[in-house]
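Colleague: I'd love a close look at one part of this model, the salt-bridge network and the pair of strands beside it in the text of your notes. Please take me through it slowly, with the cut-offs as you go.

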Amino acid sequence: MKENIKILSAMRPFARFTRVSLRDLVFTVLPVLLVTSLGICAAYWFMRPAPPNTLTITTGPKGSTFQLNAEKYKKALAKKGIKLVILPSNGSVENLNRLLNPSSKVDVGFIQGGLAKGREIDRLVSLGSVFNEPLALFYSAKKPITLISELAGKRLAIGPEGSGTRAVAMELLKANGIDASNSTLLDISGEAATWALIDGKADAAFLMGDSATPGDMRSLIWSPGVHLFNFIQAEAYSRRYQYLNQLVIPMGALDFGRNVPASDVHLVAPTVDLVARDTLHPALSDLLIEAAREVHGRATLLQRAGEFPAPVEHEYRLSEDAVRYYTSGKKFLYRYLPFWLATLVDRFLVVFVPIVVLLIPGLKLVPALYNWRVRSRIYRWYGNLIALERTLLSQHTAEEREETLKRLDEIEAEVNKMKIPLSFADQFYVLRDHIAFVRERYTKGEGGPL
């Protein structure tokens, strides 16, 4: 009897029972973690990373309107913990070139209208029109002139290369038949142009805020013998060149007592856009527009309160973030929380949402998937056992039955090698009983069909 038990034990080793099958648990939890990780990666893909705390803006020469406005932006952004680096330039043209150059360390810049023709500006977006930049044409003459064409043959300061002043001046001079062949064009602006006009070294000077200071213009307004040109054809210029607007300085607006100017003065002015690369972070876009409202939102001599910034699309398409801001304001978190805290919460949600949507429901499925994996191993042997039993029913020779019996013993030996969690011990022993049942049927049916 003892010898039979030893032989049986050798043939049928006991299965290894564990509290938990780590292998099944790993292969059950791993897909859930993988799907959640992919969800987090997708969230990061569609939601940009945390905004940088430094921005670089390209402006104009020192003291220019562009540079002075940038200084105001810098103070406004500093309140939100953002450092604004101001990069001087010759004006709008150079600003545009910098933004179009991928290797330049520039994020945003002031660019006047009328400069994008023939340029590839698909990667640039506008955060809105921020102010009008009037073109001031000063000239020295004994009597006022009424047409730009009267400047033919004169010495004209049109601004340096890279300035928006030069671009607009050349456009208007060309429309009036004036060029380097019939006039002397001086590549100077700002203080140099101011003194050249006062000292008689120039006959006229085109000045704009992208390359000249407000002080330069005030000096010329009050200089004896220097006149501010009245664009009596301003309406016609604004219709031909759609980037130009017509502005009016009312009579006496500069000095009521001395009635300066003595009559309404018409000016032409391109609109200046705050232009950025399309990679600008949405949170920084909101802060820049907010700063623009603080800097440009007040009433001035040439604009009404609240007129700027404006979501008007000229040459550059409005960014989606700008459209959203002008329509509904800042994003929810940034509306009610400090910028640094809103940024932190925003990044946390990128991880938290996929966890709530994917990981928690996935983990609830883990017990069911775990049970299915363990049972599937048991059910696989049931499939082999059923196929073997059908084979036994169709066999009649002793050799065939002997071969099938060996296969049955192999199945039982493999089953006994299984590593089974204790919670599935009952199903394991039921499987062994069924193996014994098939063997018993085979033994009883020996010598004839089962």
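Modeller: Happy to! Buried means under 20% relative accessible area, exposed over 50%, and partly exposed in between (1.4 Å probe, protein chains only). This is a predicted model, in which local features need pLDDT of at least 70 and side-chain atom pairs 80 or more, while totals for chains, interfaces and linings use all residues. Numbering runs from 1 along each chain as its sequence is written, and side-chain values use heavy atoms, without hydrogens or water.

Let's start with the charges. The structure holds twelve salt bridges (a Lys or Arg side-chain nitrogen within 4 Å of an Asp or Glu carboxyl oxygen). Three residues, R123, D278 and R317, are linked in a network of such bridges. D278 pairs with R123, and their closest N and O atoms are 2.9 Å apart. That pair spans distant parts of the chain, 155 residues apart: D278 is in the loop between strand 12 and helix 9, and R123 in the loop between strand 4 and strand 5. (Helices, H or I with at least four residues, and strands, E with at least two, are DSSP runs numbered from the N terminus.) D278 also forms a salt bridge with R317, where the closest N and O atoms are 3.9 Å apart. Here the separation in the chain is 39 residues, with R317 in the loop between helix 9 and helix 10.

How open are these three residues? R123 is exposed, because its relative accessible area is 54%. R317 has 38% relative accessibility, so it counts as partly exposed. D278 comes out at 23%, and is therefore partly exposed too.

Now to the strands. Strand 5 (124-132) and strand 12 (265-277) pair in the antiparallel sense over six bridges (pairing needs at least two DSSP bridges). Take S129 as an example: its bridge partner in strand 12 is D273. Nine of the nine residues of strand 5 are buried, so this strand is largely enclosed by the rest of the structure.

V130 shows what that enclosure looks like in atomic detail. Setting aside neighbours within four places in sequence, V130 is in contact (heavy atoms within 4.5 Å) with Y73, F110, V272, D273, L274, A292, H296, F308 and P309.

V130 also has a prominent place in the list for the largest nonpolar core (buried Ala, Val, Leu, Ile, Met, Phe, Trp, Tyr and Cys joined through side-chain atoms within 4.5 Å). Of its 30 residues, those touching the most other members are I57, Y73, F110, V130, L274 and L288. Strand 5 and strand 12 are among the elements that give two or more residues to this core, along with strand 2 (54-58), helix 3 (65-78), strand 3 (83-87), strand 4 (108-112), helix 9 and helix 10. Helix 9 contributes the most, with seven residues. Another core of 27 residues lies apart from this one, and L151, A169, F206 and L244 are among its members.

One more salt bridge is useful to set beside the network. D187 and R166 have closest N and O atoms 2.5 Å apart. D187 is in the loop between strand 8 (184-186) and helix 6 (190-198), while R166 belongs to helix 5 (residues 164-175), 21 residues apart in the chain. D187 counts as partly exposed because its relative accessibility is 44%, whereas R166 counts as buried because its value is 16%.
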